[in-house]
Amino acid sequence: MAITNKNVSYVNKTFSDFKTSLQEYAKTYFPTTYNDFSDANPGAMFIEMASYVGDVMSFYLDTQTQENFLLYAKEKENLYALSYALGYRPKTSYASNTNVDVFQLCPTVSGSNPLRPDITNYGAYIPANTVLTSTSTGTKFLTTQEIDFRYTGSTQEYTNIGGTNYFLISKPIPAISAEIKTTTFTFGSPQKFSTVTISDTNILQILNVTDSNSNVWYEVPYLAQSTILNKNSNPASGSDGISYLASLLNVPKRFTSRVLSDNSLQLEFGSGVSNYNDEYILPTPNNIKSGSISGVSDLYKNYNEASVLFTKEYGLAPSNTTLTVQYLVGGGVESNVPANDLTTIDRTNIIFKGAAPSSSMRDFIKESVISRNPYPSLGGRDGDEVEEIRNNALYAYSSQLRAVTKNDYILRTLSLPSDYGSIAKAYISQDINYNPTQTVSTVATNNPLSLDLYILAYNNNKHLLQANPTLKNNLIKYLNEYRMVTDSINIKDAFYINIGVNFDIIVLSGYSNKDILTSCVSSLIDYFDIDRWSINQPIVFSDLTSRLLQIKGVASVVKLEITNKTDATGTNYSPYGYDIAGATRNGNIYPSIDPAIFEVRYPNTDIQGRVIVS
């Protein structure tokens, strides 16, 4: 009688496991039919072939299974797909970046006493994306902001050329290692979710996309996102220094981009193919629940904006047009260039927005424009590696681009796009007006989720000042896209306290007093570099003393004193005075209860030292 319930093993994984199991199976259920298990027997070939097939199938099954999980996936294509699903966009290249000083000569104002540059008429305007070229490697860099010399430059140095008085003025500007490329794509009849691919290397980002009718197509993270933060020219940019005002813009002409595993860039467009305009349809109970049967399950449905758009959901599909795509390429390790290497600037697009009555003077000034990077460029490297993609995607999934913690709000605040202004320092704390014992009638101050965000900005000379209303309004609109709906953010001014440093030292015999004193001043200038300081950071005397004593040749520090520098008008120093002695505790100087930061505004004059003869 045949055995119906045969013992079959389902846990075999390797060739030897399968072979052993098949041999045991034959011995158990076919003891008289087949009993020669030597390698020379033809039956061994069939057992081993079956074991081979089982081993291969097991391997591919395990491999395909692990490719579904971010932590174990190894194929780049699968990692890219999983990363996008979790909200992270892999990068094919990282651009090198640095600050570049741009200089121009400017004639003096006729009859002025004392002499001053005529920047109103002869201040050059240099647009963003101006090309800079490395002298040593030929690497192309682009400026990321515009320069308008009509407004005060960072430095002004008098000079005389051929009997004519000039000022050499300069402004710093950020630059990245990139160059602009252009490609076109032609579309016929509309296709839902049509895609095109840019086959290039080291693609950094899409710069802009326009169609045959000069309509702009906007990039969004996901096609279901119908609004973006838009830039509007700021008519008061000359006075507040902010080029653009932030606003929300509805963008039916939109696309999203994805990096593919071969490092090409794919652009995907929407599915709207109708000529009817539904950009302004408002969500109503009828159109939200269109096509569904009401019931208990409605409580668990997940709706998005696209569910109320009938003809152009997820954006328009391009049709009967040609799209011109400008994009940036560059970066990589080879894009890191040394200091003083970006000395060639493209002057083609330099213009004068002032009166500039003399054409010959305009031409002379245009040719005088030069550039220089005082520091080497850094940050250029190749694209994400496998482990980097894996870890960055896990972080993106946990953060969801939302500001949840205090650090999230600070980082998001400092990442405000420079076109809308720049936040120099940020500090956040719970609203000090919150009082849990207050009644419901004082809702404005009875919110445990209300936060106070204190900010400061820089002026043209990188001196701290309080942010102007335009910058605050731009920051509000920017943060609204990332804050939790329950959070209330109060944007406030932090305070900056200007200080000076006086010190006396004794120098060991055999050392130059002048050289040692210069080294001490340089060390303190580095210590008080404003980039190293944050709001509510105390001054630690022991750190200052240690810095001085570490300089070879310093025998001892006799005196170390911090003084307050203040100016009631706020012209040269902060208008806020501060009791340094009263704020000193246990060798540390603490900022005030109101969030504040210490700043050495003019380090070359505000840090003074003496050598004492013992």
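**Note on the predicted model**

1. Leu71 sits in the loop that runs between helix 2 (42-66) and helix 3 (76-85). The structure is a predicted model, and the points below should be read with that in mind. Leu71 counts as exposed because its relative accessibility is 52%, and the cut-off for that class is over 50%. Together with Phe69, Tyr72 and Leu394, Leu71 makes a nonpolar surface patch of about 430 Å².

2. Some overall figures for the chain follow. The protein chain contains 13 helices and 32 strands. Of its 614 residues, 38% are buried. The exposed area is about 33,600 Å², and 53% of it is supplied by carbon and sulfur atoms. If contacts are limited to residues at least 6 apart in sequence, 72% of them join residues at least 24 apart.

3. Which residues have the most contacts inside the largest nonpolar core? They are Ile499, Phe503, Phe528, Ile539 and Ile562, in a core of 38 residues. At least two residues of this core come from each of strand 23 (450-458), strand 26 (495-507), helix 11 (513-527), helix 12 (541-549), strand 28 (554-565) and strand 31 (596-599). Strand 26 gives the largest share, seven residues. In soluble globular proteins, nonpolar side chains tend to be buried together.

4. Phe528 deserves its own entry. Leaving aside residues up to four places away in sequence, Phe528 touches Ile499, Val501, Trp533, Ile539, Leu544 and Val600. A second core, separate from the largest one, has 28 residues, among them Tyr80, Val196, Ile206 and Leu265.

5. Phe528 also takes part in a ring pair. Tyr527 and Phe528 are both buried. Their ring centres are 5.0 Å apart with the planes at 85°, so the pair is classed as edge-to-face. A pair of aromatic rings is described by the distance of the centres and the angle of the planes.

6. The whole structure has 17 aromatic pairs. One of them, Trp217 with Phe269, is edge-to-face, with 5.7 Å from centre to centre and 90° between the planes. This pair links distant parts of the chain, since Trp217 belongs to strand 12 (residues 216-219) and Phe269 to strand 16 (residues 265-269), 52 residues apart. Trp217 is buried at a relative accessible area of 6%, and Phe269 is buried at 1%. Ring pairs also join Trp217 and Phe269 with Phe187 and Phe255 in a cluster.

7. Salt bridges number 17 in the structure. Lys19 and Glu48 form one of them, with the closest N and O atoms 2.8 Å apart. Lys19 is in helix 1 (residues 15-29) and Glu48 is in helix 2, so this pair ties together parts that are 29 residues apart in sequence. Glu48 is partly exposed, its relative accessible area being 29%. Side chains of opposite charge can pair when their charged atoms come close.

8. Are the partners in the salt bridge between Arg601 and Glu599 buried or exposed? Arg601 is buried, with a relative accessible area of 6%, and Glu599 is buried at 2% relative accessibility. Their side chains meet at 3.3 Å, N to O. Elsewhere, Asp526, Arg532 and Arg547 are joined into one network by salt bridges that share partners. Within that network, the closest N and O atoms of Arg532 and Asp526 are 3.2 Å apart. Arg532 is partly exposed at 49% relative accessibility, and Asp526 is partly exposed at 31%.

9. Where does Lys181 lie? Lys181 is placed in strand 9 (residues 179-187). With a relative accessibility of 31%, Lys181 counts as partly exposed. The C-alpha atoms of Lys181 and Leu328 are 6.2 Å apart in space, although the two residues are 147 apart in sequence. Beyond residues up to four places away in sequence, Lys181 touches Asp200, Val325, Gln326, Tyr327 and Val329.

Note on methods:
Residues numbered from 1 in each chain as written. Predicted model: local features only at pLDDT ≥ 70, side-chain atom pairs only at ≥ 80, totals over all residues. Heavy atoms only, no water. Core = buried A, V, L, I, M, F, W, Y, C linked by side-chain atoms within 4.5 Å. Buried < 20%, exposed > 50% of the residue type's maximum accessible area, 1.4 Å probe, protein only. Helix = DSSP H or I, 4+ residues; strand = E, 2+ residues; numbered from the N terminus. Contact = heavy atoms within 4.5 Å. Patch = residues over 30% accessible without salt bridge, like charges linked within 9 Å, V, L, I, M, F, W, Y side chains within 5 Å. Areas by Shrake-Rupley, 256 points an atom, 1.4 Å probe, with all protein chains shown as cover. Salt bridge = Lys/Arg side-chain N within 4 Å of Asp/Glu carboxyl O. Phe/Tyr/Trp six-rings, centres within 6.5 Å; stacked < 30°, edge-to-face > 60°.
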